[in-house]
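Q: Here's one I'd like to go through slowly. Pick a single part, give me a close look at it, and then tell me how the rest ties in.

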Number of protein chains: 2
Amino acid sequence: MRLESPALDPAALDAQCANALRFLAIDAVEQANSGHPGMPMGMAEIAVALWRRHLRHDPADPQWPDRDRFVLSNGHGSMLLYALLHLTGYDLPLDELKRFRQLHSKTPGHPEHGLTPGVETTTGPLGQGLTNAVGMALAEKLLAHTFNRPGHDIVDHRTWVFLGDGCLMEGVSHEAASFAGVQRLSKLVALWDDNRISIDGDVGGWFGDDTPQRFRAYGWNVIEGVEGHEVEAVDRAIREALANAENDVGPTLICCRTTIGHGSPARAGTAAVHGAPLGRDEVAATRAALGWPHAPFDVPAEVRAAFDARDAGAARRCEWNARFAAYRSQWPDAAKEFERRVAGDLPADFAEQADAFLAEVQGERPNVATRKASQQAIGRLAQALPELLGGSADLTHSNLTDWPGCGAVRADAGGRHINWGVREFGMAAALNGVALHGGFVPFGATFLVFSDYARNAIRMSALLRQRVVHVMTHDSIGLGEDGPTHQPVEHIPSLRLIPGLDVWRPCDAAETQAAWNAAVMRTDGPSLLALSRQNLPTQARSAGQLAAIARGGYVLAEAGNGKPAVVLIATGSEVELAMAARARLADDGIHARVVSMPCTSRFDAQDADWRDAVLPPGVPRVAVEAARPDGWWKYVAGRDGRTRGEVVGIERFGESAPAAELAALFGLTPERVADAARRLIAG
Amino acid sequence: MRLESPALDPAALDAQCANALRFLAIDAVEQANSGHPGMPMGMAEIAVALWRRHLRHDPADPQWPDRDRFVLSNGHGSMLLYALLHLTGYDLPLDELKRFRQLHSKTPGHPEHGLTPGVETTTGPLGQGLTNAVGMALAEKLLAHTFNRPGHDIVDHRTWVFLGDGCLMEGVSHEAASFAGVQRLSKLVALWDDNRISIDGDVGGWFGDDTPQRFRAYGWNVIEGVEGHEVEAVDRAIREALANAENDVGPTLICCRTTIGHGSPARAGTAAVHGAPLGRDEVAATRAALGWPHAPFDVPAEVRAAFDARDAGAARRCEWNARFAAYRSQWPDAAKEFERRVAGDLPADFAEQADAFLAEVQGERPNVATRKASQQAIGRLAQALPELLGGSADLTHSNLTDWPGCGAVRADAGGRHINWGVREFGMAAALNGVALHGGFVPFGATFLVFSDYARNAIRMSALLRQRVVHVMTHDSIGLGEDGPTHQPVEHIPSLRLIPGLDVWRPCDAAETQAAWNAAVMRTDGPSLLALSRQNLPTQARSAGQLAAIARGGYVLAEAGNGKPAVVLIATGSEVELAMAARARLADDGIHARVVSMPCTSRFDAQDADWRDAVLPPGVPRVAVEAARPDGWWKYVAGRDGRTRGEVVGIERFGESAPAAELAALFGLTPERVADAARRLIAG
């Protein structure tokens with residue numbers, strides 16, 4: 001039986017709203033027998049204060065470009081977000097909440113962008129949600145700088161983040177918060193769930209930071225001691241944060257004192273309520289303690305009405321539409337460009353331009369390092385794509401990521417090249433946020449070996465299917481004297497294992513341009529470019545071969561007689577080496593084909609005809625790459641049982657010495673490749 | 001011609017000492033035409049203050065257990081350390097400095113532990129040196145707690161760190177400093193080279209932290225505004241830090257204002273001096289500006305004498321020997337145990353005990369998750385090995401790393417289990433420091449997917465060849481509802497690519513115990529254990545099979561007729577699945593062998609006879625693992641051109657759902673494996 005309640009005063013209604021969030025979380029976790037009730041129970045009032053009073057969004061249009069962004073950095077509390085999306089009017093029916101954590105529901109264990117309307121990013125790996133949000137706030141600021149006109153702020157929204165102690169302990173929170181401070185991202189507001197509990201228990205034994213002092217050291221505004229279970233107190237703090245945004249005095253951290261699992265008589269304030277269902281008895285006890293008589297998943301009409309944001313959202317959207325129409329009438333070109341940018345479309349003639357860039361490079365045939373070729377490619381693309389937003393983690397002149405006139409992104413200036421500082425993880429995770437926000441094609445660079453530092457954010461680029469370009473230079477022992485700490489012998493094959501990430505290792509300037517073209521034209525995921533420190537000659541190519549680079553693997557040099565006795569497969573700097581081996585073999589009357597394979601995932605995506613034409617079954621194969629060889633057996637040792645193969649690679653860590661000496665030491669020589677081919681042919 | 005100078009007053013001698021460091025760095029970089037002169041030029045006086053007045057070491061005995069530890073976290077300034085080691089009397093002749101950055105010299109681009117006497121850890125990847133140092137200081141504190149007796153402080157040394165802005169920008173510096181604060185590691189002293197320059201230029205645009213305030217927020221003592229080019233000023237700060245150590249009031253950060261490339265007329269204070277030779281003219285100008293008339297690599301005798309620490313070191317060592325002799329006479333067993341522990345030797349009867357543990361587990365045949373089996377193994381080992389030091393990055397009750405009576409490591413108590421907080425990278429890098437310090441066999445745990453966060457520190461465990469055990473639970477989609485952010489589909493194969501890292505993925509409790517035994521008995525590198533969330537039955541094994549686990553790959557179940565038509569290779573949870581597929585195939589009259597391959601690197605290290613006996617050439621093979629399959633082609637598709645193979649794995653990211661549903665969705669079923677085998681046999 002549905003209980004009818006008398007009309008509530010505003011405070012009582014807020015309390016009921018918070019309890020509705022709490023019990024949707026409790027009941028969904030209970031039904032799934034899996035999940036995290038503690039955080040939604042602890043942050044319910046904070047969510048009410050933000051989502052009922054301040055968040056500017058339109059549940060009917062989750063893509064509205066000027067919506068506020070909301071990020072749940074403590075993503076394990078996903079049910080809080082699902083409850084909010086459901087109650088405010090997003091296309092997330094109650095049935096989906098009842099299927100929490102079930103196969104193919106829209107309510108997975110952690111929030112997944114692209115699956116659930118209103119989920120702005122995928123969170124769960126702690127600290128990265130906050131960092132995504134920093135990227136979003138940066139994108140907002142730069143997009144506003146580009147498109148707003150006096151009196152016409154068509155870009156003017158805020159980025160809100162919920163985060164917990166776990167996010168604050170993670171190192172990436174330091175990188176993100178420090179960067180947000182120096183860039184003065186004033187429209188970024190983080191609400192900290194200060195409950196003093198993490199999974200191992202009371203944080204006192206392992207987390208003693210004075211977090212307000214820490215954030216002040218970063219240049220944030222800190223609002224301390226907010227009672228997180230009082231909607232009015234949180235509301236006041238949020239209004240102060242909005243004033244900070246208005247006055248452009250830097251980002252704001254609101255420190256909310258809360259109790260994890262608030263309302264659970266036996267488990268509130270303990271780690272036990274973090275990540276496990278309360279259990280039938282404790283659910284009942286919590287219902288009694290909080291005075292919530294409703295059945296599981298039953299939300300009183302008054303609460304539903306109080307949360308419903310559809311009318312206000314439509315009005316807000318409508319009002320923005322009118323403002324955008326006024327903008328369009330004054331600056332029609334800018335309006336059109338804005339729409340193109342936020343839709344993520346490239347300019348109509350871009351594919352043509354990209355082909356022209358590629359033909360130009362092939363015609364010039366420069367002998368440059370692929371990092372230098374990358375800089376030249378960036379220079380070309382930056383002219384064609386104003387959305388290209390570059391940067392480096394404090395290695396700009398090593399990674400070669402800047403271009404003439406790019407301008408530095410600073411707190412008071414909107415350039416197009418970001419000095420991220422020595423913050424590889426923060427950079428990569430923030431790039432995901434920039435891409436998610438829209439309006440930009442972002443890239444960021446470091447040494448390939450330090451992709452390790454950023455690795456989970458690169459993984460998240462792929463899981464999020466975002467167009468982010470990770471530029472990684474100094475791609476093997478070719479970097480020479482800096483030694484094994486800086487020589488990425490295992491990174492190329494290991495990055496290839498991340499599903500959905502295109503790893504490009506171009507062999508020359510033409511393949512570098514082709515890789516860049518592919519990366520910016522790809523709309524369903526990230527690309528990573530592994531680039532050389534040392535010069536590499538541009539290989540000769542027909543128009544057909546030039547076009548074939550995009551297929552990831554193609555015949556770069558056919559056997560002299562057209563009938564290869566052996567196929568030499570290579571990537572990057574080892575293509576030149578394979579070509580030299582081919583010449584040596586030719587001296588012995590052995591006809592070898594050279595296949596350049598700059599992107600194995602693109603090659604894998606070709607049909608069997610292409611793959612068999614490039615790698616003819618039955619013909620012996622030698623793969624060579626200055627990295628751990630294991631992954632190449634997939635290509636050299638045919639599953640057909642009749643193709644023999646060998647791999648020339650590097651089995652151990654590098655050494656500090658001039659690069660040429662290292663190539664000899666590690667056997668990356670034409671002679672070794674030719675010998676391997678001779679042995680295979682001899683059987 | 002050698003110039004003779006009159007005897008110098010102490011201040012002038014200090015200045016000459018600093019210049020000697022400067023010019024050894026300048027000249028070595030010049031000779032190598034590669035390297036980083038800026039930092040040694042900027043930190044020379046700081047180095048003089050520490051190394052001439054405070055560092056307690058014995059150049060003749062770099063292994064002396066009670067020596068102070070010195071860590072160059074800004075490892076690119078390696079020439080500063082080499083100059084110090086050479087001048088103070090370590091076995092590092094001037095000829096080695098002249099071969100800076102050359103092949104097989106003892107002076108590689110970045111300092112490498114194990115290669116150069118006196119280099120306590122390998123640095124270069126920024127932030128990790130500081131974190132290693134935190135591990136060293138923790139080890140010192142815990143070892144002192146265990147072995148010191150009233151009036152007999154046989155463990156009483158300090159850990160000193162040099163670090164730069166780059167280290168402070170890295171996220172891991174947050175994890176390390178926060179942890180050091182809450183653990184009150186008072187004998188840790190960091191000296192910050194505050195030169196306001198990083199590679200991209202003046203840090204103002206990307207690094208605005210109030211670092212002193214930040215470190216105070218972590219509970220550090222901060223000494224601000226020290227003039228880094230005045231030896232006396234640095235000396236005063238160090239004395240204050242030593243008082244802090246004495247009073248046990250937490251770690252100390254000394255903020256030294258310096259000029260990068262100090263002394264270079266044209267380049268001091270600019271990024272240009274960071275990572276490139278000065279060039280002949282600027283070297284000459286710097287010689288003139290600093291009044292250093294000496295030829296390259298020429299160090300005046302007075303300066304050599306001033307640095308020489310051999311006599312003082314021998315006296316200090318001798319004094320400690322006397323104190324240790326007194327200790328031994330009172331507590332002979334403790335002294336013996338101390339010597340065993342710091343030598344890194346296991347107890348004499350350990351191998352026997354390890355065998356007994358393994359037999360015990362095999363006899364019990366429990367049906368438990370391998371994470372649970374790991375906890376039981378830890379419990380057994382912890383009794384046998386008091387040096388075992390455990391921990392988890394805030395997932396103790398998920399990773400199952402604690403054991404009865406382990407006790408929590410806290411600022412005021414010396415237990416054996418560390419709550420690292422949500423700090424995966426910091427944990428892993430600190431574990432390297434604990435292992436380097438000696439006296440412990442450390443392990444730390446998180447979810448396997450978050451090995452990404454720690455990845456470069458795991459790599460450094462391998463490069464450092466340290467006995468560290470990385471415990472990684474929830475090893476694939478078997479974790480279920482937490483979804484793709486938490487399901488490590490690519491991590492096992494990608495970690496196998498790190499040279500020197502043994503990755504174990506045990507299939508049951510017996511293999512888990514065997515993996516643990518191997519990990520703690522390994523003396524030349526780290527091991528990583530990938531463990532299941534879900535229960536796995538213990539397989540039947542003969543004594544021979546039980547012993548064969550240590551070989552990394554072995555026949556777990558022979559074909560019914562002893563003549564396999566197909567070999568099924570599996571790891572971890574998929575061994576059970578392969579056994580079920582074998583049974584299905586047997587129903588069809590197909591005789592299949594099951595090979596369990598818990599550690600591919602160990603299997604690779606076996607001789608060809610073993611490998612061919614396990615995987616007979618010519619017999620078709622199916623590998624199955626709940627991860628990206630690419631790496632398995634090395635094992636299933638023989639390079640001989642006559643073995644056919646197939647791999648059953650996971651090509652894409654996981655999903656959020658109950659684990660059993662995911663196994664079916666991703667085709668990790670006995671039927672799919674059996675089908676693959678049938679297809680191969682059918683040809």
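**Strand S1 and its surroundings**

A: In chain A, strand S1 (residues 69-72) is joined by four bridges to strand S2 (residues 159-164), and the two run parallel. This is a predicted model, where local features need pLDDT of at least 70, side-chain atom pairs count only at pLDDT 80 or more, and totals for chains, interfaces and linings use all residues. On bookkeeping, residues are numbered from 1 along each chain as its sequence is written, chains are lettered from A and ligands numbered from 1 in the order in which they are written, and side-chain values use heavy atoms, with hydrogens and water left out.

Helices (H or I, at least four residues) and strands (E, at least two) are DSSP runs numbered from the N terminus, and two strands pair if DSSP finds at least two bridges between them. Within the S1(A)-S2(A) pair, A:Leu72 sits opposite A:Phe162. Which way do the S1(A) side chains go? A:Arg69 and A:Val71 point one way, A:Phe70 and A:Leu72 the other, and all are buried (under 20% relative accessible area; exposed is over 50%, partly exposed in between; 1.4 Å probe, protein chains only).

Over in chain B, S1 belongs to an open sheet of five strands, ordered S1-S2-S3-S7-S6 with parallel pairing. Its edges are S1 (69-72) and S6 (221-227), each pairing on one side only. Neighbouring strands there are turned by 15 degrees on average, direction ignored (axes are lines fitted to C-alpha atoms, for helices over the stretch in contact, and angles run from 0 to 180 degrees between N-to-C directions). At the S6(B) edge, five bridges lead to strand S7 (residues 252-257), again parallel, with B:Val222 partnered by B:Leu253.

How do the chains relate? Chain A lands on chain B with an RMSD of 0.0 Å after a turn of 180 degrees and a shift of 0.0 Å along the axis (least squares on C-alpha atoms of residues with pLDDT of at least 70 in both). That's the relation of a two-fold axis, and the chain A C-alpha nearest to the axis is that of A:Gly171, at 1.9 Å.

One residue reaching across is B:Lys634, in helix H25 (residues 633-636) of chain B. B:Lys634 counts as buried because its relative accessibility is 17%. Setting aside neighbours within four places in sequence, B:Lys634 contacts A:Asp630, A:Trp633 and B:Asp604 (heavy atoms within 4.5 Å).
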